[in-house]
Amino acid sequence: MSSESSSLSFLPGAGAGSSAVALYARETAGFEARLAKSVELLREAVATYGAGLIQSTSLGAEDMVITDLIARHGLAVDVATLDTGKLHAQTLALLPQIESRLGLQVAVFKPVDEQVIHFVRTNGEKAMYESLALRKACCAVRKLEPLSRMLAGRTAWITGLRREQSANRAEVPFSEPDGQGRTKLNVLAEWSWNDVWFYLDKFDVPYNLLHDQFMPSIGCEPCTRAIAVGEDFRAGRWWWEDENAKECGLHKAHSNEELKTGAHA
Ligand code: SF4
């Protein structure tokens, strides 16, 4: 965990209508060094992995920093996202903004229609609230299967994971195996939430307007809520579940067979 805990970033006195930039953008000691390190890691990744490299963006604040770094430094990195069919309109609204303001096309991977229809017919639209197994099965159909197609043929992927995001992520390294023969690059691993917002503000990067509504971590609409002052960074994700279960599987190692079948759920 970084020296600034995630919950400390949400300061008392934050009133409704305060923008995320106004609340969180702060230049703190070492920011320029952390920024330079991230750019260096991205350049090294391009040199090492070439066309095998991809940024998997959730369109969240951290990933918008990375996409902007890719555009700003002219790095040859493909950018892709998952459209689960359950995203907020505010999240999807970023896609044309990335194209018009950053000059990058984002490849969009969607779940297989038949799998979604079968899952909903069998389990209902609100299955994710009924059990951990059904929630993970929904993530398997809507996220993990399209992710496996996104990463097919790739040797490395760039994520926006940071150590500060949760206790589960406190040990996130800059580089790690993903369990499927690829390398996962967490180029913002040591950034703070204040760093992320300082960057977005400084370089006028578009961001998800839901961040202005106390949603620091944004996923699918049914599985994301705003957090209260003092709550943990990821408290608004799958809030009805046990703390230790709060990952969708995107950042856990699974075999290719598990990804195809959702058997890990
Ligand atoms: S986050 Fe929620 S809606 Fe999205 S895929 Fe997972 S369970 Fe389904």
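What follows is a conversation about a predicted model and the terms used to describe it.

Visitor: What should be known about the numbering and the model?
Guide: Residues are numbered from 1 along each chain as its sequence is written. The model is predicted, and local features need pLDDT of at least 70, side-chain atom pairs count only at pLDDT 80 or more, while totals for chains, interfaces and linings use all residues.

Visitor: How many helices and strands are in the protein?
Guide: The protein has nine helices and six strands. Helices (H or I, at least four residues) and strands (E, at least two) are DSSP runs, numbered from the N terminus.

Visitor: Why is Thr 48 called partly exposed?
Guide: Thr 48, in helix H2, has 14 other C-beta atoms within 10 Å. A residue is buried with 20 or more other C-beta atoms within 10 Å of its own, exposed with 12 or fewer, and partly exposed in between; C-beta atoms are placed from the backbone. Thr 48 is therefore partly exposed, its count being 14. Its C-alpha atom is separated by 9.9 Å from that of Thr 155, 107 residues apart along the chain.

Visitor: What makes helix H8 mostly covered?
Guide: In H8 (residues 193-202), seven of the 10 residues are buried. Among them are Trp 193, Trp 197 and Phe 198. The buried residues of H8 pack against helix H1 (20-24), helix H2 (31-49) and helix H3 (61-72). Contact here requires C-beta atoms, placed from the backbone, within 7 Å. Just after H8, Asp 204 has a positive phi of about 50 degrees.

Visitor: How do you know that S1 and S2 pair?
Guide: Two strands pair if DSSP finds at least two bridges between them. Strand S1 (residues 53-57) and S2 have four bridges, in the parallel sense, so the condition is met. One bridge links Ile 54 to Asp 78 in S2. S2 is also joined by four bridges to strand S3 (residues 106-109), again parallel, and Ala 80 stands opposite Ala 107 in S3.

Visitor: Why is the unit of S1, H3 and S2 called right-handed?
Guide: S1, H3 and S2 make a right-handed β-α-β unit. The term means that, with the strands pointing away from the viewer, the path from the first strand over the helix to the second runs clockwise.

Visitor: Which residues are closest to the ligand?
Guide: The closest are Cys 138, Cys 139, Arg 142, Cys 220 and Cys 223, among 13 that surround the ligand. To be near, a residue needs its C-beta atom, placed from the backbone, within 6 Å.

Note on methods: Contact = placed C-beta atoms within 7 Å.
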